[in-house]
Every structure is written in C-alpha cells, then in structure tokens.
Amino acid sequence: MHKGNLYVFTGPSGVGKGTVLRRLLEEVPGLFLSISATTRAPRPGEVDGEHYYFISKEVFERKIAENAFLEYAQYVGHCYGTLERPVEERLAAGSDVILEIEVQGAMQVHEKRPDAVMVFLAPPSMEELSARLHGRGTESEDKIRRRLETAQHELEYQANFDHIVVNDTVEGAVGVLRELILGARTQA
Ligand code: 5GP
C-alpha cells in the first residue's frame, strides 16, 4: 500500500495557522492533524486528547527518555512534542499527516525525515501579526510581546521551507495548501 505524505506546517503564533488548518482538514479528505503533547495549561475551550495531550513536565521528560517523540521543543516556557508512533501508523495506512509545530521542531523533522514537505505560513506583515495577537485576547501583554519576539526570529527561518504561503486571506491560503496536497497525491 502507498504511504501517505508528511507535512510540516509552521508559522508564527497569531498568523492564523489554526483557522487555516481547520478549514483545510474539512476540505481535504484523508488528511489528519497530529495531536501534540504539551506541558502548557489548556486555554478555555481546549479539550485534552483533541487539541493537545496536556501532560506534566515529568511525563513529558519520561517520553523524551523513551524516545517517543519525532520532535520536541520549548516554546515560551513550555514543552511541546509530536508523538512518533501515531504519525507513523497514519502514514503507513496511506493517509497524509500534518504537523502544526514551531520552527525548532520543524527543523528536527526536516533532519529526520527529509521527505517531509515543509510549509511556512507567513503573515502579510509584522503589524498585521501584532494586531491579530492582540485581537485574540487570550494572552497577557507580556506573553504577546514574547510571542512577537519569537515570531520575528521564526520569520528568519523561512528560507528552510519548501513552500511559503502568505496568509492574506484564509480562503487564499487554504486554496494553495489544498492544491499542494492534492497535487502531491497525483504524483505518487
Ligand atoms: P500554542 O501554545 O499557541 O498552542 O502553541 C505555541 C506554539 O507551539 C505554536 O507555534 C505551535 O505551532 C507550537 N506547537 C504545537 N505543538 C507542537 C509540537 O508538537 N512540537 C513543536 N515543536 N511545536 C508545537
């Protein structure tokens, strides 16, 4: 059976990755989003096992020791990681899998899995990114400032990606990604 394709989907916090991904997953059958593990606390409305596996620092460290992560990284004081086994199982079953992760983790996947398709979702501008982060209203001013600093750093990594998609409009970004994923299937 043909194996699925692995996609790494990265972009600064607040760029709209979540919104674009939700739409993409609705529009593309056979595409699955990997559920990450994190040590950060759930935001209002987030469900364990659906948005993330919310785990303690101790459990996260045990999983590192067990080599359970395809990649993991620290981001604004918390740990985030992709569990390898569920991803491999999906791919082996012929489904496409998408990882929504930050840039350090993306680079680890790029090293380990050179076949992974690297996609960067870029904001139209830093001003627009700042406006979106403030508009979300879920983080303190200090957290937003740290996320913007991290974003500035992340933008410097764009050159390492196969595809840079500017999130001008959700429809536009979803359309580009859908064509990319469906196109890769016909080449397989
Ligand atoms: P948030 O706290 O806003 O949900 O996520 C913060 C950042 O962590 C985002 O940039 C998100 O893409 C990233 N992230 C989520 N899951 C993972 C993961 O499994 N690995 C890595 N490296 N980053 C992740």
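1. A word to start with: a pocket here is an open set of grid points, where a 1.4 Å probe fits, with protein on both sides within 12 Å along at least five of seven lines. Keep in mind as you look around that this is a predicted model. With that in hand, the ligand is a good place to begin: the space it takes is the largest pocket.

2. Now for the neighbours. The ligand has 16 residues around it, and those that come nearest are Arg40, Tyr52, Tyr80, Glu100 and Glu102. By type, the shell holds seven charged residues, five nonpolar and four polar. Two strands are worth finding in the viewer: E5 (69–75) and E6 (78–83) each give at least two residues to this shell.

3. Next, the polar contacts with oxygen atoms of the ligand. Arginine 43 places a polar side-chain atom 2.8 Å from one ligand oxygen atom. Arginine 147 also uses a polar side-chain atom, at 3.2 Å from an oxygen atom of the ligand. With glycine 81 it is a polar backbone atom that lies 3.1 Å from a ligand oxygen atom. How much of the ligand's exposed area does the protein bury? Taken alone, the ligand exposes 510 Å², and the protein buries 95% of that.

4. Finally, please have a look at aspartate 168. You will find this residue in the loop that runs between strand E9 (163–166) and helix H7 (170–187). Is aspartate 168 buried or exposed? Its relative accessibility is 57%, so aspartate 168 counts as exposed, the cut-off being over 50%. Glutamate 149 lies 19 residues away from aspartate 168 along the chain, and their C-alpha atoms are 21 Å apart.

Key
Residues are numbered from 1 along each chain as its sequence is written. This is a predicted model: local features need pLDDT of at least 70, side-chain atom pairs count only at pLDDT 80 or more; totals for chains, interfaces and linings use all residues. Side-chain values use heavy atoms; hydrogens and water are left out. A residue is near a molecule or strand if one of its heavy atoms lies within 4 Å of it. A polar contact is a pair of N or O atoms within 3.5 Å; within protein, one must be able to donate a hydrogen and the other to accept it, and residues adjacent in sequence count only if both atoms are side-chain atoms. Accessible areas come from the Shrake-Rupley method with a 1.4 Å probe; for residues, only the protein chains shown count as cover. On a 1 Å grid over the protein atoms alone, a cavity is a set of points where a 1.4 Å probe fits but cannot get out, and a pocket is an open set with protein on both sides within 12 Å along at least five of seven lines; lining residues have an atom within 4 Å of a point. A molecule sits in a cavity or pocket if more than half of its atoms lie within 2 Å of its grid points. Helices (H or I, at least four residues) and strands (E, at least two) are DSSP runs, numbered from the N terminus. Ala, Val, Leu, Ile, Met, Phe, Trp, Tyr, Cys and Pro count as nonpolar, Asp, Glu, Lys and Arg as charged, and the others, Gly among them, as polar. Buried means under 20% relative accessible area, exposed over 50%, partly exposed in between (1.4 Å probe, protein chains only).
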